[in-house]
Amino acid sequence: MTSSPTANPSDSTLPTPQGADVSAAADHLRSAIDASFASTRQHLKDLVAIPGIAWPSFDQAPLQSSSEAVAGLLRAAGLDDVQILACAKPDGTQGGPAVVGRRQAVDGKPTILLYAHHDVQPPGDEDLWDTEPFVAVEKNGRLYGRGAADDKAGIMAHVAAYTAVTEVLGDQLGLGVTFFFEGEEEAGSPTFRAFLEAHRELLRADIIVVADSSNWKVGIPALTTSLRGLVDGVIDVQVLEHAVHSGMFGGPVLDAPTLLSRLIATLHDDDGNVAIAGLVATDTATVDMAEADYRADASVLDGVRLAGTGSLASRLWTKPALSIIGFDAPAVDVASNTLIPRARAKFSLRLAPGQDPAAAMAAVEQHVAANAPFGAKVTFTPGESGNPFQTDTSSPAATLAMWALGEAWGVPAVETGIGGSIPFIADLTELYPDVQILVTGVEDPDSRAHSANESLHLGDFRNAIVAEALMLDRLNREGLQP
């Protein structure tokens with residue numbers, strides 16, 4: 001959100017691992033990154049030009065071309081072990097091509113896995129774009145184009161940071177580095193779990209950096225320390241065997257859309273808080289945002305009262321949020337004077353960190369059953385689920401990341417959450433329970449990922465590269481100190 005923190009979790013001293021000094025190579029790393037920044041931007045523009053969309057309804061040839069271009073960047077960065085790999089989906093069709101490149105660690109050095117994804121969202125309505133979606137355009141310090149921020153900038157941040165470190169450190173670099181660039185994230189990562197299980201040892205690392213998030217605002221870096229989980233499903237209400245004339249039979253029985261609406265209304269209290277018993281909710285966000293900025297970012301209409309209680313940041317990050325995202329009933333244009341016998345709604349419930357998705361799904365089902373209106377037949381069909389995520393902010397990796405972000409931007413980094421979900425992180429934590437996962441990013445509140453006129457702030461992009469290079473250098477010299 002485009003606002004300044006009202007509470008700063010860091011004091012004037014940047015968090016630094018005990019006994020560690022700022023790297024003597026830091027100035028050399030910055031110089032190397034700046035010297036190659038024009039080339040880095042051009043590589044990013046070249047990637048933006050490839051419309052690699054993993055959705056089955058789109059041509060998959062550009063997605064393959066995208067993977068080949070990314071593999072070429074890793075080889076150009078000096079990696080010999082680079083592979084393009086894929087797994088089959090449950091229906092037998094091929095999943096999106098992932099690119100994996102590896103540099104083996106020398107004895108005693110840790111391994112870091114750098115994740116991003118090379119597939120992108122479809123452009124949507126191209127009339128809403130000010131530029132061509134797949135032609136990267138620099139304007140007012142930003143780079144516009146589909147994937148410029150989400151997430152081809154994440155790929156280039158990883159590659160450029162690694163390139164600078166190898167240039168500056170040379171033979172002194174013993175750190176193990178694995179690149180994992182997924183090719184189907186925007187399609188829901190349908191083969192992610194199977195891919196991890198098939199290549200578990202290939203991807204094993206001590207730290208994983210997921211570069212697919214956002215900073216607090218332009219000029220203020222952030223480490224994403226929490227993600228909400230997700231459950232969804234369908235609520236089906238039926239009151240009649242078939243439709244009947246509303247004039248002949250209306251009055252003694254209420255139609256299904258009306259009863260479904262009454263049921264939906266029980267999902268929130270009068271303040272707009274989720275009213276389902278048993279869900280985890282905390283008001284623990286360490287930064288907050290101005291209401292005016294939230295209203296502007298979310299395009300809230302004048303006069304609409306915001307829902308919920310507690311800080312805005314907590315309502316977005318550490319409390320549940322429930323939305324009705326689909327409703328099946330006759331459309332207005334084809335409506336007739338009949339009592340509608342059946343209506344369905346799909347809900348999407350974002351879960352606070354610490355919430356078990358199975359328990360949340362059961363809580364929704366119990367609530368729906370207990371609030372069936374007028375004895376209507378109510379059927380609950382559970383859908384997808386995903387675990388929330390919370391970083392151990394006291395871990396050596398998180399401490400190192402906060403230090404590096406602060407050094408790169410020149411201001412203390414903040415800890416933020418994201419109201420959305422990255423379900424595959426749950427797979428990472430389950431298969432690699434001892435790994436330390438860091439969620440970073442190059443986006444900002446103006447990036448408009450998934451929307452028209454997606455863009456990247458080039459100054460913050462440069463800083464993200466510097467931050468990651470500083471992390472790699474410190475890890476190489478000191479390892480993961482407790």
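**Exercise 1. Is phenylalanine 37 buried or exposed?** Work from relative accessibility in this predicted model, then characterise the ring pair that contains phenylalanine 37.

Solution.
- Step 1. The relative accessibility of phenylalanine 37 is 12%. Buried means under 20%, so phenylalanine 37 counts as buried.
- Step 2. A search of the whole structure returns 12 aromatic pairs. In one of them, phenylalanine 37 and phenylalanine 461 have ring centres 5.8 Å apart and planes at 45°. Planes under 30 degrees apart would count as stacked and over 60 as edge-to-face, so this pair is tilted.
- Step 3. Phenylalanine 37 belongs to helix α2 (residues 37–48) and phenylalanine 461 to helix α13 (residues 458–478). With these positions 424 residues apart, the pair links distant parts of the chain.
- Step 4. The partner, phenylalanine 461, has 0% relative accessibility and therefore also counts as buried.

**Exercise 2. Describe the pair of phenylalanine 192 and phenylalanine 424, and place it in its surroundings.**

Solution.
- Step 1. The ring centres of phenylalanine 192 and phenylalanine 424 are 4.7 Å apart; the planes meet at 35°, so the pair is tilted.
- Step 2. Phenylalanine 192 is in helix α5 (residues 192–198), and phenylalanine 424 is in helix α12 (residues 424–431). The pair therefore ties together parts 232 residues apart in sequence.
- Step 3. Phenylalanine 192 is buried at 2% relative accessibility, and phenylalanine 424 is buried at 3%.
- Step 4. Ring pairs join Phe192 and Phe424 with Tyr115, Phe180 and Phe195 in a cluster.

**Exercise 3. Which rings have the charged ends of lysine 139 and arginine 474 over them?**

Solution.
- Step 1. The charged end of lysine 139 sits over the ring of tyrosine 144, at 5.0 Å from the ring centre.
- Step 2. For arginine 474, the ring is that of tryptophan 403, and the distance to its centre is 3.9 Å.

**Exercise 4. Reconstruct the sheet that contains strand β9, and state what packs on it.**

Solution.
- Step 1. Four strands form an open sheet with antiparallel pairing, in the order β11-β13-β9-β14. The edge strands, β11 (321–328) and β14, each pair on one side only. Neighbouring strands are turned by 20° against each other on average, direction ignored.
- Step 2. Strand β9 (residues 229–238) pairs with β13 (residues 342–351) over 10 bridges and with β14 (residues 377–386) over 8 bridges. Aspartate 236 stands opposite arginine 344 in β13 and opposite threonine 379 in β14.
- Step 3. β11 is joined to β13 by 7 bridges, with leucine 322 standing opposite leucine 349.
- Step 4. Helix α7 (residues 256–265) lies across β9, β11, β13 and β14, at about 20° to β13. Helix α10 (residues 357–370) also packs on the sheet, touching β9, β13 and β14, and its direction makes about 165° with that of β14.
- Step 5. In β9, 8 of the 10 residues are buried, so the strand is largely enclosed by the rest of the structure.

**Exercise 5. What is the mean pLDDT of the protein chain, and where is the pLDDT below 50?**

Solution.
- Step 1. The mean pLDDT is 92, with 95% of the residues at 70 or more.
- Step 2. Over residues 1–21 the pLDDT is below 50. Beyond near neighbours in sequence, this stretch has 57 contacts in the model.

Notes
Residues are numbered from 1 along each chain as its sequence is written. This is a predicted model: local features need pLDDT of at least 70, side-chain atom pairs count only at pLDDT 80 or more; totals for chains, interfaces and linings use all residues. Side-chain values use heavy atoms; hydrogens and water are left out. Rings of Phe, Tyr and Trp (its six-membered ring) pair if their centres lie within 6.5 Å; planes under 30 degrees apart count as stacked, over 60 as edge-to-face and the rest as tilted. Helices (H or I, at least four residues) and strands (E, at least two) are DSSP runs, numbered from the N terminus. Buried means under 20% relative accessible area, exposed over 50%, partly exposed in between (1.4 Å probe, protein chains only). A charge sits over a ring if NZ of Lys or CZ of Arg is within 6 Å of the ring centre and within 35 degrees of the ring normal. Two strands pair if DSSP finds at least two bridges between them. pLDDT is the predictor's confidence in each residue, from 0 to 100. Contact means heavy atoms within 4.5 Å. Axes are lines fitted to C-alpha atoms, for helices over the stretch in contact, and angles run from 0 to 180 degrees between N-to-C directions.
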